[in-house]
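Here is a friendly walk through one protein model, meant for someone who has not looked at it before. Have a look at the structure first, then read on.

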Amino acid sequence: MQNKGAILTFAILLGLVSIYQLTFTWKSRQVEKRAVEYAQGDPDREYHYLDSMKGEVVYNIGVKKFTYKEVKELEMNLGLDLRGGMNVTLEISVVDIIRAMSNYNPDATFNAALAKAVELQKNSQKDFVTLFGETFEQMAPNARLASIFNTLELRERINFNSTNADVLKVIREETDAAIDNSFNILRTRIDRFGVAQPNIQQLQTKGRILVELPGVKDQARVRNLLQGSAMLEFWETYENQEVYPYMLAANQKIKEMQGTGATAADTTATHQTATADTTKTTESLLNEMSGAKTDSAGVDNMADFRNEYPLFAVLNPSTDQQGQLYPGPVVGMSHVKDTAKVNAYLHDHQVSSIFPQNMKFRWTAKSVDKEGNYYRLIALKVNSRDGRAPLTGDVIVDARQDFDQLGSNPEVAMSMNSEGAKVWQRMTKENIGKSIAVVLDNYVRSYPTVQNEISGGRSSITGLESIEEAKDLANVLKSGKMPAPARIVEEEVVGPSLGKESINKGLMSFVAAFVMVLIYMLFFYSKKAGLTANIALLVNLFFLIGVLASLGAVLTLPGIAGIVLTMGMAVDANVIIYERIQEEIRAGKGISLAISDGYKNAYSAIIDGQVTTFLTGIILYMFGSGPIKGFATTLMIGILTSLFTAIFLTRIIFEWQMKSGKVITFTAKATKDILTNVKFPFIEKRKIAYTISGIMIVASIISIAVRGFDYGVDFQGGRTYTVRFDKDVKVAEISNVLADDFGGSAPEVKTFGSANQVRITTKYKIDDSGENADNEVETALYNGLKEGGYIGNATYEDFTTNYRLSSQKVGPTISDDIKKDAAIAITIALVMIFLYIMVRFPGWRYGAGGIVSLIHDSITVLGIFSIFHGILPFSLEIDQAFIAAILTVIGYSINDTVIVYDRIREYLHIHPKRDLQVNMDDAMNHTLRRTMNTSFTTLIVLIVIFIFGGANIRGFIFALLVGIGVGTYSSVFVATPVVYDTVTRFKKLGKKEA
């Protein structure tokens, strides 16, 4: 074997990388275990412990140190279905942006076109701007959009001579900018929400944003947080010197409240003293802080300091080393773990009464340090009677990143409308030399110092550190220009209890299935060859998990199923190699030559089979989402690691055994003759197979036409809730109980798993885009079940935590996209497989045979789901998971077919003059042992997952079970016979034409 050293080196390096990457998961679990021990069952204590550890070094490998936050970013990620949480797809309201751009023009045609475009979008794949443009053109062919959008704000870009295409181009640019800005705002909000490992990303469909929040419990708060419009405000500020005396007084009050200092009567005197001699007190405080950190009795000193200065122990004053107060509105700085305590102190009634009524505090949005540990506290001045900001974001006409007159320093050019310009002129006139804070969603994004009075509403914000900072600030300022609220169009919630169950059941099914495969290989291929295959499987599993962790892939429940399925399919490569080696041995070759030729002759079949499956994995990844993407990722990586371990690692082990003089056997006595001398006339009996297949397909088509399918919310839109009760329930009774709460329309209720667990599906308020629609529907569900006596006296929080295991919402536009993507994915998969087979095998007929067998498999699986839905005691919904199963079946079935094709190609080369029927029958008979072996091991794996994997993936696994069974049948009885018939028919036609 050539390049053995390079292969071993690569294997060792891959192993080391896998170990290195998995250590982050181990370290993360260590910290979380300590958090659980510290919390003693209190989730808030556990959260605060982990929050305080974010910036602490928890892993030191010598050359680099990692904080807990960095370790969490590098650990193996678990999907929401395994740890609970919330998955939300938001859609930015483009119609609101367009209305705002027109200054809410009352033109009847314009508003009618918007309304019709909203309706059309529910069943269209075009973006909203395109739909609006087409609708407007149809309603008023001679009307000009320029007359509607020639506003004061857009006059530099749109004039009365602008064509409709020009106006639509500007609208598209503005809406794209608003969507990007909304994305940035959402990202900031989520970062502040306090969720570990949140994920937010823009989806391929413009205007849609995916948000994943692991472990969140208050879903109503999340919905309100994500769907609220941005709140941009401009505030006057206090100077640090003005605020510091109040801080000293507040510290004294907190000290008294904690019972560690003087009496409350001393507070006023302390305040007066502090006001009279701020510098002296500051120097004293700074000296004590320094002493607490450097004294030999550091721990005791720090404890004394906390007792004496409880506020300043968590909020460092804004001073220099000499104790002089810095100018500006920054009054202090805190570690992120201490900000909550500072807020608690300042919001306490007794403490807040010390400060002036028109003073309030806000934290900066950006941290001082790169690690994200320290944030500044800014003092704002409230000058209005109603407590509102004097200026808000709706006065901003434009904001863009620019450069100063020298062209070297970045700045933000900002312009306001006439109303805003007047207020801005007054604010700048009264605050020369002071700062004005730009506040977005209650966090200070910037606090520039006013240099002079600004009139006309045009101004520049300078003093920015980088172009990126200038761009960010410009985006923040533009967020108030156009209202672009986000609306939830798809949502999935997985409760923490269901997440734990999924992990337990997933691991149980994984271990059981893996052990079954190991035992089977030892039984069928003897201890030596079977053990070698098992070593390859174990190494393959290690590499697969290590690579998943290295790539930052998310492990989901379907992902675990993908790993287990990969293990079953990984056996295929070993089986092909072992069967070829046995054929070489039966041909009289020595063990060394038999191994060499066996591997050589098996390569093409292995590569062709795995490539076709890999292609379906790529398509699954491209068109799937969430857990399905996880399944596709594990499937593709598993194929690559399987190829490496089965082809190279086993070969190295066999060569080492031969050098050591060990006897190698590739079959056990009990199994060596199984399916080795089969001579079944497959081609001769093909018409019987055609009849059986015809009956199955006709029955399937009739059932699909008559009974239809049980569509999941993925395909029909709506909301679905999985609820578990304390005792068994009757679905009809629950449906009737909920009818009144769901607007008079009874929801569909089905048993899901055990008799005390149901899945409730409804379209109630699915078209309502209101901000509170989701919370209202969930409240209606809670009220209905409580009134019906199904959840006792459970509070709403108890219901969402202990009874409602999961929920899902799919809006009409999303369900339409899912159906479109499903059709495209299956079509692309069939076309790619056809083209690959046509290239790899002689003529298009092999591709046609493969495609016919795949269509046969797909229709049969669809038919079985149509025939048996509502009959079998588990869900047979047609959803995204089902489409993933169909694509997996397509990949697996074509894999089987390609193995047979490969042997036919080999026999046609060796026996070119032999009858085609004989070559094909021999090819199928000689590969039958391999076909049965691979199918058997894969089916064992799937049966174990089906039994132990839980109700969530039972329908998905059932589709795989049926599909792989039917696929095994079709690869032998359909694909090759179709190739035979097309070849012979075209030969006859050719003779007739001659």
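What follows is a short tour, from the whole chain down to single residues.

## The big picture

Keep in mind that this is a predicted model. The protein chain has 994 residues, and 53% of them count as buried. Its C-alpha atoms fill a box of roughly 110 × 80 × 70 Å along the principal axes. If you go through the chain piece by piece, you pass 33 helices and 25 strands.

## Two open sheets

Let's start with the strands. Strands of a sheet pair through backbone hydrogen bonds, either parallel or antiparallel. One open sheet here has eight strands, in the order β5-β6-β4-β18-β24-β21-β23-β22, and its pairing is antiparallel. At its edges sit β5 (199–202) and β22 (748–751), each pairing on one side only. Ignoring direction, neighbouring strands in this sheet are turned by 15° against each other on average. Within it, β18 (residues 486–494) and β24 (residues 804–810) pair in the antiparallel sense over five bridges. There you can find Val 494 standing opposite Ser 806 of β24.

Another open sheet is built from three strands, ordered β13-β14-β17, again with antiparallel pairing. Its edge strands are β13 (396–403) and β17 (458–461); each has a single partner strand, so one side of each is left without a neighbour in the sheet. From one strand to the next, the twist averages 20°. Seven bridges join β13 to β14 (residues 410–416), and the two run antiparallel. If you want a spot to zoom in on, try Ala 399, whose bridge partner in β14 is Met 414.

## A covered helix

Now for helix α32, which covers residues 928–948. Does its length fit what you'd expect, or does it fall short? Its 21 residues, at 1.5 Å a residue, should span 30 Å, and its end C-alpha atoms are 30 Å apart, so the two agree. The helix is mostly covered, with 15 of its 21 residues buried. Just after α32 comes Gly 950, which takes a positive phi of about 95°.

## Salt bridges

Side chains of opposite charge can pair when their charged atoms come close. How many salt bridges does a search of the whole structure find? The count is 38.

One of them joins Asp 96 and Arg 99, with the closest N and O atoms 3.8 Å apart. Both residues belong to helix α5 (residues 94–101), and being three residues apart there, they are separated by about one helical turn. An α-helix has 3.6 residues a turn, so residues three or four places apart point the same way. Asp 96 is partly exposed at 24% relative accessible area, and Arg 99 is partly exposed too, at 27%.

Arg 719 and Asp 774 form another salt bridge, with the closest N and O atoms 2.8 Å apart. This pair links distant parts of the chain: Arg 719 is in strand β21 (residues 718–724) and Asp 774 is in helix α26 (residues 773–787), 55 residues apart. Are these two buried or exposed? Arg 719 counts as buried at 2% relative accessibility, and Asp 774 is buried at 4%. Our covered helix α32 turns up again in the salt bridge between Asp 896 and Arg 930, whose closest N and O atoms are 2.9 Å apart. Asp 896 lies in helix α30 (residues 880–910) and Arg 930 in α32, so the pair ties together parts that are 34 residues apart in sequence. Both Asp 896 and Arg 930 are buried. Elsewhere, salt bridges that share partners join Arg 29, Glu 32, Lys 72 and Glu 75 into one network.

## Out at the surface

Which residues form a nonpolar patch on the surface? They are Leu 8, Ile 12, Leu 13, Leu 16, Ile 19 and Phe 542, with about 540 Å² of accessible area together. Helix α1 (residues 4–39) gives the most, with five residues. Leu 8 lies in that helix, α1, and counts as partly exposed at 36% relative accessibility.

Two more partly exposed residues are worth a visit. Tyr 621, in helix α21 (residues 591–623), has a relative accessible area of 39%. Tyr 621 is 10 residues from Phe 631 in sequence and 8.3 Å from it in space, C-alpha to C-alpha. Ile 467, in helix α18 (residues 467–478), is at 33% relative accessibility. Ile 467 and Ile 563 are 96 residues apart in sequence and 45 Å apart in space, C-alpha to C-alpha.

Technical notes: Residues are numbered from 1 along each chain as its sequence is written. Side-chain values use heavy atoms; hydrogens and water are left out. Patches are made of residues with over 30% relative accessible area and no salt bridge: like charges are joined within 9 Å, nonpolar side chains (Val, Leu, Ile, Met, Phe, Trp, Tyr) within 5 Å. Accessible areas come from the Shrake-Rupley method with a 1.4 Å probe; for residues, only the protein chains shown count as cover. A salt bridge is a side-chain nitrogen of Lys or Arg within 4 Å of a carboxyl oxygen of Asp or Glu. Helices (H or I, at least four residues) and strands (E, at least two) are DSSP runs, numbered from the N terminus. Buried means under 20% relative accessible area, exposed over 50%, partly exposed in between (1.4 Å probe, protein chains only). The expected span of a helix is 1.5 Å times one less than its number of residues. Two strands pair if DSSP finds at least two bridges between them. Axes are lines fitted to C-alpha atoms, for helices over the stretch in contact, and angles run from 0 to 180 degrees between N-to-C directions.
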